[in-house]
There are 4 protein chains.
Amino acid sequence: MSSVWGRNLKISVFGESHSSAIGVIMDGLPAGIRIDMEKVNASMKRRMPKSADYSTARKEYDNVEILSGFFNGHTTGTPLACMIKNTDAHSHDYEDLRFKPRPSHADHTGYVKYDGFGDYRGGGHFSGRLTAPIVFAGSIAEQWLSEKGICIGAHIASIGEYADDDFTQDTTIQDFDSLPDKDLAVLNDMAGKKMMEAVSLAKAQGDSIGGVIECFATGVPAGLGDPFFDSAESVISQMMFSIPAVKGVEFGAGFSISKMRGSEANDAPLIKDGKIIYKTNRNGGILGGITNGMPLVFRVAVKPTASIAAEQDTVDIIKKENTTVTIKGRHDACIVPRAVEVVRCATALCLADLLLEDRKYD
Amino acid sequence: MSSVWGRNLKISVFGESHSSAIGVIMDGLPAGIRIDMEKVNASMKRRMPKSADYSTARKEYDNVEILSGFFNGHTTGTPLACMIKNTDAHSHDYEDLRFKPRPSHADHTGYVKYDGFGDYRGGGHFSGRLTAPIVFAGSIAEQWLSEKGICIGAHIASIGEYADDDFTQDTTIQDFDSLPDKDLAVLNDMAGKKMMEAVSLAKAQGDSIGGVIECFATGVPAGLGDPFFDSAESVISQMMFSIPAVKGVEFGAGFSISKMRGSEANDAPLIKDGKIIYKTNRNGGILGGITNGMPLVFRVAVKPTASIAAEQDTVDIIKKENTTVTIKGRHDACIVPRAVEVVRCATALCLADLLLEDRKYD
Amino acid sequence: MSSVWGRNLKISVFGESHSSAIGVIMDGLPAGIRIDMEKVNASMKRRMPKSADYSTARKEYDNVEILSGFFNGHTTGTPLACMIKNTDAHSHDYEDLRFKPRPSHADHTGYVKYDGFGDYRGGGHFSGRLTAPIVFAGSIAEQWLSEKGICIGAHIASIGEYADDDFTQDTTIQDFDSLPDKDLAVLNDMAGKKMMEAVSLAKAQGDSIGGVIECFATGVPAGLGDPFFDSAESVISQMMFSIPAVKGVEFGAGFSISKMRGSEANDAPLIKDGKIIYKTNRNGGILGGITNGMPLVFRVAVKPTASIAAEQDTVDIIKKENTTVTIKGRHDACIVPRAVEVVRCATALCLADLLLEDRKYD
Amino acid sequence: MSSVWGRNLKISVFGESHSSAIGVIMDGLPAGIRIDMEKVNASMKRRMPKSADYSTARKEYDNVEILSGFFNGHTTGTPLACMIKNTDAHSHDYEDLRFKPRPSHADHTGYVKYDGFGDYRGGGHFSGRLTAPIVFAGSIAEQWLSEKGICIGAHIASIGEYADDDFTQDTTIQDFDSLPDKDLAVLNDMAGKKMMEAVSLAKAQGDSIGGVIECFATGVPAGLGDPFFDSAESVISQMMFSIPAVKGVEFGAGFSISKMRGSEANDAPLIKDGKIIYKTNRNGGILGGITNGMPLVFRVAVKPTASIAAEQDTVDIIKKENTTVTIKGRHDACIVPRAVEVVRCATALCLADLLLEDRKYD
């Protein structure tokens, strides 16, 4: 297991879907950051489903208890620990599934990893529920980044075949202010309507659907990123691939840059108002693994929810024979809408870690 | 800087394009691995250009000197250090470029990062030359993996618009045995011919072109990968994004999984010959961040070579004014053919680190 | 801050003396360790004062809540988190002390470190209270070590001028079985009686007194320890100097070895019953930073309790002027008796981390 | 193996006594430190024996080659690598010793650790020769510390029964300026004379002798050190116990503080010239694991040289029978004089790492 992340800002997560609590310790936060708990709770709420059309029945957002590292409204510089109690667990639903791994879940691989001792209820430590502590921690980090002029936005780039408008160099962070509280975080509401229809259709058919989330950050100073091995892309991708269901990460033009000529792909520097900017941003704000002062832009591919209503083939791992499994309960037909805030907050953790490495920005 | 990578197998790289040497220390290698230096040298050679059609003039492969950690043909268990002397440097070529960052290179970002003290000659520490120590280290790691039954192959999935045949579940590692020593590591030689034409055309036009490399590994046991933060995808993507020019990484179906329904994307387990395998491999051999025993499959997007012959816009970072830059010397019109071995060897490092974490496979 | 420790078994502690809770996450514990909570609670209890003669008024031992990583009586392999609520806090006692650092405490240094934002109540994160999570974690680790045949004992080597009998090569772990539950963990009860008198006298005079704790472990296999930088001594000393009030650590003959001749200090190997043992153990079971199969023996020096009843000189850090401080409340006149279990459990963490590094003992 | 040390300034050492080279990579050094190679070479020279009275025959000091990370007289911010070739090796001397572990050396423990694959010649990776890269790296770090006003001194506190004068609060760094280049780094030359006699006597008797080194640093700002687990003591002790032959480390009054009353041991703060200092320095400049602005003071116990001329008992590890061993060649009768510079330079590494953690001192 490697539940500790980070070089300068260290994050230790714990918990299983049905353990008594989940949570996170943040180590390395500067002392004296003023924390607005309303903002933290707003982030926690955005991770919760907003519409019954794509998700399970609505419930109240997770209640975060801060256990340490927070005093008189500020961070103390010592570890900031938080806990979220698990209350809504229906553990008995999972007895049947114990030896029948659900396709595309971590049931089989986790069984091998932990020699059968893992907590199999609700996906255990691999549950999407573990993204709640990530959102909490990222939301704290975001408040520090905000003091430094760094803002992070994210939208649903696509669900199935339906794509939102592209983020452009003219897009400002203000365009994204209203996004997080929409049912779907899209720039183009017409595109959003089609996405929602695609999700509803999948849901009606007992199926699920995937999508892509695009994240960007403005105000990121040039100079962040620590090649050879902790390039800005390396740090961010490691974190993104920790989020359950992520199967691809690309920066700037990403995979499509592989079809470009150099003359098209190269971003040329330019003096504007006495500062160095770039004419284009095909590299997503990162050159040689180090930020160049342009907006950071990257996308993550999210696979369709693994849990679907239809009966599926599987095996009995004890009897070593083929069988089938039917997953009870209600599941999100698409997790992309909820994952937007996870990606955004996880990005805050990465940028905080990168920024702390460079003392010159203090 | 973060020139140290790894949790169990630690790699420390050093060197700049024009420093007196580059190299790597490997710490954590098990004692007693028999090392065949011919295989290591074969890997080093594959990173060198094989054809004048896409690359700079041919020169002899890098000569590796092992400094420590190797005794009587075996690893000793203590740090294995290697050095490759830099001999072919034309440092004076770079004086002109000192304050004129080459577009898409790390010149500007490195200047900011190191307050102007970085070694600007030939890309310094950001040079593709630093992939030579990665190939060396990966080649050593591969010999250990090979003892454990793990084999790693890689091919050029595409250059520009031209794609090689897909890797399929029927593809065996034997299909790839001959690849590394072809001019282009492709399964379909007709596709390879078109790729070469595309590169030649770009070269003739003073331009460059990108591509995609696909890597896979067979014999990987189920159970490798350490969520929450060191998922198999996290470990591999961090390493891949350390390789200069990589802008995207995707596993299994990758970005195209975002357009699938769950019923299509889910890989169902199956008993075959008393063992658990999977009917399909959309998840690229990784579920919940842990390997599932199927072949590991992932792709990396490589951007077109940043150095092109045409004059390009840039700035003078001291005078803070717009100017142009012309990059002298000969440069690869496409680095994808040479990067295949880098990706393959870097994957060996990742798998060795993941395998060492799990004592059960010893 | 660095509240994360360990390479293979990672420990993340959190909490302040007066925060809502303190606790620890253990990451890297093997799955399937059977945990006897009675043994854990017995360790927690031993850290509590046993006699009013040297300590504050008796209160019930800390109540540990396990939040995750524990299922059906076994570790799951995922992070094991525990929390201990803080209930007994008299925060108002500390307002007066806020800007008047108590001599020999971390008040002044913590103020500088955290720019005045630290939680100053009760020593905050520097409180001896933070040793409770260490005892919890160490007690869990000990149960795994015990499966591997490793036993750890500790006794009070001295308090003030009064010394216990020496641990010898004939001493067995059985000699120590009864120690932890004595008022003072000593081999020689007469020596213990004199120590207690010395403590009582110090207490009566409004003063405090220090001592030395000796720890040893049997069943430690040869081969543990990872030079160059993670020698067995390095790993253990780093942990020991994390325990508040420890000012010295020595292995085997320790400082007195500096007065020996080589002919006296050298431990000679010897075959006994077909196994390699050593005639003497001047090196405390460690040669070249690696265990040699002999009992591990080391001692830690514990300074007198910093809080004493007498008025002491100090400064006002805001007004920058000299003043005095009187510390209210009841404080242990000697923390050595309670620290014995902390040293013993902290040693279990070190040995577990060292053992996990070496796959050959699985 | 753990040949990588450090959190902010990372050091990777490599090499064996008889490998083709030894060396070190320094990662995390700020860019732009001006390096005076004469000072580096002076440090390297001080590690070499200065007098035939206590040591092997004099030879030229180690010749350091910088391979990377150094450009135009300054650090570049990228990894600074150095190599020292091994030239003087008489490998055949060691064949006889291969299966006969020398008492108090790492021969037996290293054999177990590396399953017999370790390089047994001259102590291999455990050789005192590996302290040469530490001196190199520390000497580089010292030049950066010096820019920040931090100075480090060290002297021989004792050899055998003979003690040098104590370091006092009135001692200044100037008192130590001349020390490193004396035959013995002592304040009191009469004491030094007695020490030398003790060494000569031991040598004449085919024996060896140990000692204690005291190190201190002035100009260390208050606020360095990162509890809970990276207290200033923890960081320094981990490093010191990496130095071969060190068996004890104590800070300030160290083990003797265990015999003090609190009223005696407590260091009281005091305003002097508007600044907070302390009346006494029993805690060696560290309170609660964080520096308090007073001089850092600690001592390390060094065991007598393990290699002595007399025949010693040992075992044959293959035949599993008792035998004897006679160590040929010339060996230092006392390594303390040479270890003074090692301790001093290793301390520079620790202080650089601690200082880099705290951005406030930039």
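**Figure 1. Chain C and chain D as superposable copies.** Chain C can be laid on chain D with an RMSD of 0.0 Å by a turn of 180 degrees and a shift of 0.0 Å along the axis. The two copies are thus related as by a two-fold rotation axis. Such superpositions are made by least squares on the C-alpha atoms of residues with pLDDT of at least 70 in both copies. The model is predicted: local features need pLDDT of at least 70, side-chain atom pairs count only at pLDDT 80 or more, and totals for chains, interfaces and linings use all residues. Residues are numbered from 1 along each chain as its sequence is written, while chains are lettered from A and ligands numbered from 1 in the order in which they are written.

**Figure 2. The contact between chain C and chain D.** Chain C contributes 91 residues to this contact and chain D contributes 90 residues. On the side of chain C that touches chain D, 41 residues are nonpolar, 35 polar and 15 charged. Two residues are in contact if their C-beta atoms, placed from the backbone, lie within 7 Å. Ala, Val, Leu, Ile, Met, Phe, Trp, Tyr, Cys and Pro count as nonpolar, Asp, Glu, Lys and Arg as charged, and the others, Gly among them, as polar. Because 99% of the interface residues of chain C are also interface residues in chain D, the copies meet through the same surface.

**Figure 3. Strand β11 of chain C beside strand β11 of chain D.** The two strands, each covering residues 246–251, pair in the antiparallel sense over three bridges. Within this pairing, Val249(C) has Val249(D) as its bridge partner. Two strands pair if DSSP finds at least two bridges between them. Helices (H or I, at least four residues) and strands (E, at least two) are DSSP runs, numbered from the N terminus. Strands of a sheet pair through backbone hydrogen bonds, either parallel or antiparallel.

**Figure 4. Helix α5 of chain C against helix α5 of chain D.** The axes of these helices, both spanning residues 232–240, come within 8 Å and cross at roughly 170 degrees. Therefore α5(C) and α5(D) are roughly antiparallel to each other. Ser234(C), Ser237(C) and Gln238(C) meet Ser234(D), Ser237(D) and Gln238(D) in this contact. Its residues comprise six polar, no nonpolar and no charged. Axes are lines fitted to C-alpha atoms, for helices over the stretch in contact, and angles run from 0 to 180 degrees between N-to-C directions. Angles under 35 degrees count as roughly parallel, over 145 as roughly antiparallel, 65 to 115 as roughly perpendicular and the rest as oblique.

**Figure 5. Chain B facing chain D.** A turn of 180 degrees with a shift of 0.0 Å along the axis lays chain B on chain D with an RMSD of 0.0 Å. Of the residues of chain B, Ser12(B) comes closest to the rotation axis, at 3.6 Å (C-alpha). Each of the two chains gives 38 residues to the contact. β3(B) supplies the largest share of the side of chain B that touches chain D, with five residues. That side of chain B holds 14 nonpolar, 18 polar and six charged residues.

**Figure 6. An open sheet in chain A.** Five strands form this sheet in the order β1-β2-β3-β7-β4, with antiparallel pairing. The edge strands of chain A are β1 (4–5) and β4 (64–68), each pairing on one side only. Two bridges join β1(A) to β2(A), and Val4(A) stands opposite Ser12(A).
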